[in-house]
Amino acid sequence: MQTAGSQAPVLWGLAARQAWRRLRRRLRTGPVYRWRYTGRTPERVLIAPPDLRLADPEVAREIYHGRFLLAGQLIETGGQSPFHLDVRHRGWLEELHGFRWLRHLNAAQSDLASANARALVGDWISLYGRRIGGLPWDPAITARRIIAWLQHSAVVLQGADLAFYRLYLKMLAIQMRYLRAMTPEMGEGEEKLRARIALAFAALSLPTPVSSLRSATRNLNFELEEQILPDGGHISRNPRAVMELLADLLPLRQTYASQAEPPPPALLGAVERMLPCLRFFRHADGSLARFNGMGITVHDRVAAILRHDDTGGAPLLHATHSGYERLHMGGTTVLADTAAPPPAELSEVAHAGCLSFEMSSGRHQFIVNCGVDSFGADAFRALSRATAAHSTATINDTSQARFTLASGWEGWVGTPLVGGPRKVECERLDNDGVHAFVASHDGYVSRFGLVHERELALLQKGALLQGVDRFHLPDGTPAARGSSHSIAVRFHIHPDIELFKDDEGRLILAGEATDTWVFTSEGVEPVVEESIFFAAIAGPTRSRQIVLHFKAAECPEIRWQFLKTNSFSAAG
């Protein structure tokens, strides 16, 4: 097991901040503060904001029959309320208490669905409405619940009597005041921004004082400026965060317009930057590149979001602030991670995958990172974050960064990524008919004294991807003779792609109705090994990888390429 080692100061800092937040949260849920959450009950819901997330009336039928498929886990209630069950699956509980599943009942457009939604909301209020604390009142979950209750208030309140109507509005107001008090104590990152979004939704959707709307708008503006980068990426460097935040920010922008209220300037700017950024991370088949926490792509959600993108044109090729490169020519797309990991506090799901890349051809992906199984076992999540789960190089089978900490740390700081690359340099090398870049990182310098440098070039109208991996000392000189450091350069193959050798012994990558690519390398014989693709829809799936094994001292530079030999066409 890897230990915290020299990263102890970083971990102590994280632990101290977390302890301080926990203390302040405990104070704010105690009797001294709790009186602040009571107050005037709103008279009505002024507007129900739209929801861009896919809704399925068939799921409403499953919910009616007591079958809740949440966070990849199916729980049958057996006639009980799901809130009465003793379930130990945290992800399932988080989604249950977040109430985003109300959208399916809303989509059913029936009196039965409304009655079911009202009964489930009533169960939650009776069990948790008077007892603030625990997982149901985690600020991140509370923010999602407020948004869901507002967006789908119509299905909950349809046919409701006055007593329930008043109780529903009272609980919305209590949660809003609670979240307003708790948001400053949340850690930096996506969930804090979503809390600001939820408070803005509430201030627009409920009859609140003008001062409340101004405060919510001001705080949202500040958080957007802090978290959304100039190129539209999120400070966590996670493509999933861009997708999920846009699914909330776009309806919020529309709600400001519907209420004839001026939105914060940062909201308009953030959305206009994030939409092209989402297209930047998108392969031709609609999937988002699997970097730093991205797993399964919800294609319908991405499509619904991008319908609001009026910018048109080709995506950017260089996301400077987010730290990614895009090579695109013909029908070939290459996306690469070319930056250091995010700060430790924002790296709970970040990966040790600097200089990794993915390649798609036409509407099929060929080279991938293994991605994450968002709903799977924690053990799989750790494996998917390792450098070996990415299409890049490892030295001595060691990850660039650490995220498995010594016993006792995880309870305080979670699983941040620490000790990763600090100095990452990248230079774009585009030319006529060539999209290329060269980048390097120092993630292995402290342990093995070697810098990894990678150069990728896409040319011949997208039919040829050439790569060079170099390993040298920080001053640029090759690794010392006699050095025993073992290098493994990995290329993970998407499970839908077949990998076999032709009569000449070359490695061929092809699939059903796809292009065909040939992999070759100079000086090192490639081998085929087993791999796991964690981001498959059905869960972790067996796949394969091409690996180049060699010693840094014997081969300080390795050249390889993927050459497209033919293109599939419907007429062919």
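**The whole chain**

Start with everything on screen: the chain has 17 helices and 19 strands. Helices here are DSSP runs of H or I with at least four residues, strands are runs of E with at least two, and both are numbered from the N terminus. This is a predicted model, so local features need pLDDT of at least 70 and side-chain atom pairs count only at pLDDT 80 or more, while totals for chains, interfaces and linings use all residues. Residues are numbered from 1 along each chain as its sequence is written, and side-chain values use heavy atoms, with hydrogens and water left out.

Colour by burial if your viewer can do that. Of the 572 residues in the chain, 55% are buried. Buried means under 20% relative accessible area, exposed means over 50%, and partly exposed is in between (1.4 Å probe, protein chains only). Now think about contacts, meaning heavy atoms within 4.5 Å. Among contacts between residues at least 6 apart in sequence, 69% join residues at least 24 apart.

**Stop 1: helix 7 and its neighbours**

Two packed helices are described by the angle between their axes and the distance between the axes. The axes are lines fitted to C-alpha atoms, for helices over the stretch in contact, and the angles run from 0 to 180 degrees between N-to-C directions.

Select residues 139-151 (helix 7) and 162-182 (helix 9). Their axes come within 10 Å and cross at roughly 145°. The crossing is left-handed, which means that the near helix is turned anticlockwise from the far one by less than a right angle (clockwise would be right-handed). Show side chains for the contact: helix 7 brings Pro139, Thr142, Ala143, Arg145, Ile146, Trp149 and Leu150, and helix 9 brings residues including Tyr168, Met171 and Leu172. Sorted by class, this contact has 12 nonpolar, two polar and one charged residues. Ala, Val, Leu, Ile, Met, Phe, Trp, Tyr, Cys and Pro count as nonpolar, Asp, Glu, Lys and Arg as charged, and the others, Gly among them, as polar.

Next, add residues 90-98, which are helix 4. Helix 4 packs with helix 7 at an angle of about 40°, with the axes 8 Å apart. Look for Glu94, His97 and Gly98 of helix 4 against Ile141, Arg144, Arg145 and Ala148 of helix 7. That contact divides into two nonpolar, two polar and three charged residues.

**Stop 2: rings**

Select the aromatic side chains. How many aromatic pairs does a search of the whole structure find? There are 25. Rings of Phe, Tyr and Trp (its six-membered ring) pair if their centres lie within 6.5 Å; planes under 30 degrees apart count as stacked, over 60 as edge-to-face and the rest as tilted.

Zoom in on Trp124 and Trp137. Their ring centres are 5.7 Å apart and their planes are at 40°, so this pair is tilted. Trp124 sits in helix 6 (residues 111-128) and Trp137 in the loop between helix 6 and helix 7, so the pair ties together parts that are 13 residues apart in sequence. Trp124 counts as buried at 0% relative accessibility, and Trp137 counts as buried at 1%. Both rings belong to a cluster linked by ring pairs, which also includes Trp149, Tyr168 and Tyr178.

Keep Trp137 selected and bring back Arg145, which lies over the face of the Trp137 ring, 5.6 Å from its centre. For a charge to sit over a ring, NZ of Lys or CZ of Arg must be within 6 Å of the ring centre and within 35 degrees of the ring normal.

Now jump to Phe291 and Tyr324. Here the ring centres are 5.1 Å apart and the planes are at 40°, so the pair is tilted. Phe291 is in the loop between helix 13 (265-280) and helix 14 (299-306), and Tyr324 is in strand 4 (residues 324-329), so the pair ties together parts 33 residues apart in sequence. Phe291 is buried at 1% relative accessible area, and Tyr324 is buried at 1%. Arg237 lies over the face of Tyr324, 4.5 Å from the ring centre.

**Stop 3: helices 11, 13 and 14**

Select helix 14: Arg301, Val302, Ala304, Ile305 and Leu306 are buried. Their cover includes helix 12 (239-258) and helix 13.

Add residues 210-227, helix 11, whose axis comes within 8 Å of that of helix 13, crossing at roughly 35°. This crossing is left-handed. Asn221, Leu224 and Glu225 of helix 11 meet Pro265, Ala266, Leu267 and Ala270 of helix 13.

**Last stop: Ile395**

Finish in strand 8 (residues 393-395), where you'll find Ile395. Ile395 is buried, with a relative accessible area of 0%. Not counting residues up to four places away in sequence, Ile395 touches Tyr444, Phe448, Leu450, Phe471, His485, Ser486 and Ile487. Try a distance label to Leu450: Ile395 and Leu450 are 55 residues apart in sequence and 8.7 Å apart in space, C-alpha to C-alpha.
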